[in-house]
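Welcome to the tour. Have your viewer ready, with selection by chain and residue number at hand, and follow the stops in order.

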Amino acid sequence: MNIKEILTRKEKDKLFLMGNEAAVRGALEAGVSVASTYPGTPSSEIGNVLSVLAEEAGMYFEFSVNEKVALEVAAAAAASGLRSFTFMKHVGLNVASDSLMSVAYTGVRGGMVILTADDPSMFSSQNEQDNRHYARLANLPLLEASSPQEVKDLMKYAYQLSEEFELPVILRTTTRVSHMRGVVELGPLKKAPTKGHFDKDPQRFVPVPESARVMHRNLVEKMAEIGVLSNNSSLNHPLSRGSQVGIITSGSAFNYVMDVVEEYNLPVNVLKITFSHPFPEKKVLEFMDNLEMVLVVEEVDPIMEKEVLAIVGKHHLDKTVHGKLDGTLPMIYEYSPDIVLGGVGRMMGLEMPPEDDKTSLGLPKRPATLCPGCPHRAAYFEVKKAAEELNITDVIFPTDIGCYTLGIERPYQTADYLLSMGSSIGTSCGFSKATDQTVVSFIGDSTFFHAGIPPLLNAVHNKANFVLVILDNRTTAMTGGQPHPGLPIDGMGLEAPEISIPAMVKACGVEMVETINPLNVRNSRESFKKALQYEGVAVVISQYPCMLIKGRKETGKNIVIDVQDDKCTNCDTCVLELTCPAIYTSEDGKIRIDPLMCRKCNVCVQTCPEKAIRAKRIDVEKGRNKQ
Amino acid sequence: MNPYNIYISGVGGQGIIKTSVIMGEAAMQSGLSVVVGEIHGMSQRGGVVSTQMKIGDSHSPLIEEGKTDLLLAFEPLEALRAMNMINEDSYVVVNTSTIYPFNIRQSEHPYPELSTMLDELESQAKKVIALDADGIAKGAGHILAMNMVMLGAAAAIPGFPVDKETIIKSMQDNLPEKSIPINLEAFEEGFKFCLQNL
């Protein structure tokens with residue numbers, strides 16, 4: 001499938017879409033005019049697809065500097081009468097939460113959908129927080145999708161709901177839905193207006209105490225009305241198998257429940273809850289009417305389970321509720337058909353045979369690592385050598401969110417403390433005040449723009465003392481290479497003003513600023529040494545483009561890097577300290593470099609103590625023949 | 001009817017997700033229901049990548065342990081890591097080209113011998129097709145066509161629910177035009193190898 005088919009294919013056509021791609025089609029079918037995000041897995045592909053399609057679709061899309069700004073862009077568009085869409089990974093909503101709380105009060109005019117992609121089991125996140133709590137915290141309607149088809153259909157429904165009640169609607173997916181592919185039947189596209197008009201109404205859009213009090217009352221009243229809707233909604237539908245045992249479930253967990261119920265032909269009734277806040281109390285009461293016991297199956301927190309327990313308590317029902325709270329199901333991590341089957345078995349009092357591992361061989365782990373030729377590897381190697389040469393042994397390395405967090409692995413071990421986006425700099429302020437240890441912190445270019453500037457101002461103003469390394473690889477690498485304000489291109493692929501990181505750092509009041517090319521080992525090490533000896537905040541901007549940037553020029557086309565066996569003493573500096581995936585020890589004990597993996601960054605050539613690794617020019621003709 | 005379950009495993013960068021998309025679209029074109037589960041993001045950078053596909057009636061893309069009909073392993077260690085997914089009726093197609101974890105020198109466990117790994121797989125599966133997919137791909141014109149060698153071998157497995165022609169059509173819809181001849185040859189070579197070694 002060509003990605004453009006998401007825009008060009010017609011009603012009734014079927015496409016094989018990822019949940020994230022289906023969200024884009026849903027936005028196009030709903031006539032969304034403005035979309036905004038900060039990239040984050042598992043939501044990233046929504047932005048990647050929109051950045052390709054937005055211009056042709058006649059809508060506006062941006063990669064905002066962070067999620068809070070993204071939500072604010074969408075809120076203003078919706079206040080101006082347009083349909084707007086903002087989406088982010090679960091922790092992104094933490095960043096946006098300050099404005100989320102207020103937009104629930106002010107409400108919207110055009111429809112506004114906030115998609116949160118949660119990450120149970122933390123495939124690519126620092127936590128597995130359950131963002132269904134945000135719907136309760138902000139008091140907003142919540143929809144939960146189970147499949148790509150449902151993501152698309154719920155997008156359209158969410159806009160109707162949002163406009164009917166003039167409130168933003170939260171749509172929750174999880175990794176298994178965002179990254180699930182399935183057959184999606186398309187609906188008709190809707191042309192979106194490009195411009196709206198903001199009609200002023202400060203009593204409605206400016207939450208100062210006097211107006212906010214009114215707004216909160218209005219919100220509570222609206223949500224009571226929406227509660228009637230969720231109780232009657234066909235999105236919350238029971239499947240009866242005439243049983244006295246029932247399962248209440250939502251989202252991805254619904255899929256596991258159905259797979260298990262159908263495969264083993266289990267005699268249980270199932271209530272799928274899709275419109276899950278306000279919680280459909282009446283619907284649940286009806287469902288439980290003939291049941292003796294009910295199992296609540298949900299990812300991650302026992303949110304619905306507590307709602308069901310409250311209903312049982314409120315109505316003095318004599319029914320048992322199983323789930324996470326009584327240990328029938330695990331409290332954490334994503335579920336699977338196996339886990340759900342185990343839970344059903346425990347509820348029914350069945351003895352489940354334990355699964356034995358089929359192999360008793362000890363398997364080596366395969367951790368993710370920095371790519372061959374990654375400029376971060378060189379920077380890590382050099383900063384550690386610089387500290388070593390200055391006899392600085394006790395260094396704290398606060399790190400941040402990005403590929404460079406992989407510095408946690410041996411041998412780099414350049415990731416000692418991490419909280420969230422931008423936390424490397426804020427925590428460095430703390431470490432430099434609380435300890436006498438040397439502090440060297442790392443942050444990426446996109447992360448610096450996202451949340452690094454206020455803590456850097458804080459560091460300078462409060463006279464902190466640390467080295468900040470900005471690992472500027474000219475892209476938002478970990479999430480798949482999206483642009484950011486430091487690049488001359490925007491989210492729709494158009495030319496854009498480029499914000500200079502060195503100028504930004506200087507404007508924050510930093511006096512010691514060095515820009516290095518990390519692939520130049522000796523110069524970089526000297527710059528790091530200077531920075532380490534500086535009293536105050538020193539910033540080293542390590543600038544070299546990510547090896548994965550699309551269309552980048554291949555370096556060293558006529559060069560091959562190899563090892564001269566007569567010079568190599570097997571000191572193993574390259575395999576044990578630099579540890580590039582392209583360098584390995586062959587079966588005969590010799591160091592070898594995989595020519596297919598090698599990106600010819602030359603760092604191993606410069607760092608080999610015996611000068612045994614060389615860059616050799618190869619015959620151009622022969623190179624051609626090889627192609 | 002129970003779905004046909006395919007578990008694909010390997011290392012980031014081997015073209016596993018592309019292979020799943022081609023298979024999934026081919027299943028859809030054949031009028032079958034299909035769901036695929038995959039993980040992106042941090043796991044890419046040289047780490048383990050796996051996708052799960054169910055062709056037929058299913059809601060979730062996750063396969064129960066031991067319920068895999070076909071394990072398609074792009075790397076032998078990753079075949080072993082997925083062993084809990086197979087049973088004595090499963091087919092296994094495994095690429096014998098090894099990729100050592102980058103920090104194998106610091107690893108608690110050594111990288112197992114290839115023969116040990118294949119013996120282990122054979123002890124648990126109905127049939128193991130072991131092929132040098134990297135070598136076959138190079139022979140077809142480019143190492144990057146390795147995933148199509150694996151796809152070709154999968155298509156030749158008895159009971160595979162999508163026919164060869166529909167897969168080839170899906171390859172043409174999903175691969176860059178100029179790479180098609182090499183990829184088609186890689187696919188055919190994989191298909192042939194599997195048929196001859198069943």
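Two strands are said to pair if DSSP finds at least two bridges between them. Keep that in mind for the opening stop, and remember throughout that this is a predicted model.

**Stop 1: a strand pair across the chains**

Select strand 8 of chain A, residues 180-185, together with strand 2 of chain B. These strands pair in the antiparallel sense, over 3 bridges. To find your bearings, show A:Arg181, which stands opposite B:Val36 in strand 2 of chain B.

**Stop 2: the rest of the interface**

Now widen the selection to both sides of the interface. You should pick up 60 residues of chain B in contact with 64 residues of chain A. The two chains bury about 5,400 Å² between them, with 57% of that area on carbon and sulfur atoms.

How many salt bridges cross the interface of chain B and chain A? The rule finds 6. For one example, zoom in on B:Glu75 and A:Arg366, whose closest N and O atoms are 3.1 Å apart. Polar contacts between chain B and chain A come to 26 residue pairs, counting pairs with both residues at pLDDT 80 or more.

Next, colour the chain B side by element. Helix 1 (16-29), strand 2 (34-38), strand 3 (48-55), helix 2 (76-81), helix 3 (114-122) and helix 6 (164-174) of chain B each supply at least two residues to the side that touches chain A. Helix 1 of chain B gives the largest share, 6 residues. Coloured by class instead, this side of chain B shows 26 nonpolar, 21 polar and 13 charged residues.

**Stop 3: the seven-stranded sheet of chain A**

Hide chain B and look for an open sheet of 7 strands in chain A, ordered 3-2-4-5-7-6-12 with mixed pairing. Strand 3 (60-63) and strand 12 (275-277) of chain A are at the edges; each has a single partner strand, so one side of each is left without a neighbour in the sheet. From one strand to the next, the twist averages 20°.

Within this sheet, select strand 4 (residues 84-89) and strand 5 (residues 112-118) of chain A, which run parallel and are joined by 6 bridges. A:Met88 has A:Thr116 in strand 5 of chain A as its bridge partner. Then add helix 7 (residues 148-165) of chain A, which lies across strand 4, strand 5, strand 6, strand 7 and strand 12 and runs at about 165° to strand 7.

**Stop 4: the five-stranded sheet of chain A**

Move on to an open sheet of 5 strands in chain A, with the order 9-11-10-13-14 and mixed pairing. Its edge strands are strand 9 (237-239) and strand 14 (320-322) of chain A, each pairing on one side only. Strand 10 (residues 245-249) and strand 11 (residues 269-272) of chain A pair in the parallel sense over 4 bridges, and A:Gly246 has A:Asn269 as its bridge partner in strand 11.

Add helix 11 (residues 251-263) of chain A: it packs on the sheet, and its direction makes about 160° with that of strand 11. Helix 12 (residues 281-288) of chain A also packs on the sheet, at about 175° to strand 11.

**Stop 5: backbone details in the loops**

Most residues other than glycine have a negative phi, and most peptide bonds are trans. With that in mind, select A:Pro278, in the loop between strand 12 and helix 12 of chain A. The peptide bond from A:His277 to A:Pro278 is cis, with omega near 0°.

Another cis peptide bond joins A:Glu299 and A:Val300, with omega about 10°; A:Val300 lies in the loop between strand 13 and helix 13 of chain A. Finish at A:His316, in the loop between helix 13 and strand 14 of chain A. A:His316 has a positive phi of about 50°, although it is not a glycine.

Notes. Residues numbered from 1 in each chain as written. Chains lettered and ligands numbered in written order. Predicted model: local features only at pLDDT ≥ 70, side-chain atom pairs only at ≥ 80, totals over all residues. Heavy atoms only, no water. Contact = heavy atoms within 4.5 Å. Buried area = accessible area lost by both parts, 1.4 Å probe. Salt bridge = Lys/Arg side-chain N within 4 Å of Asp/Glu carboxyl O. Polar contact = N/O pair within 3.5 Å; in protein donor to acceptor, adjacent residues only side chain to side chain. Nonpolar A, V, L, I, M, F, W, Y, C, P; charged D, E, K, R; others polar. Axes fitted to C-alpha atoms, helices over the stretch in contact; angles between N-to-C directions.
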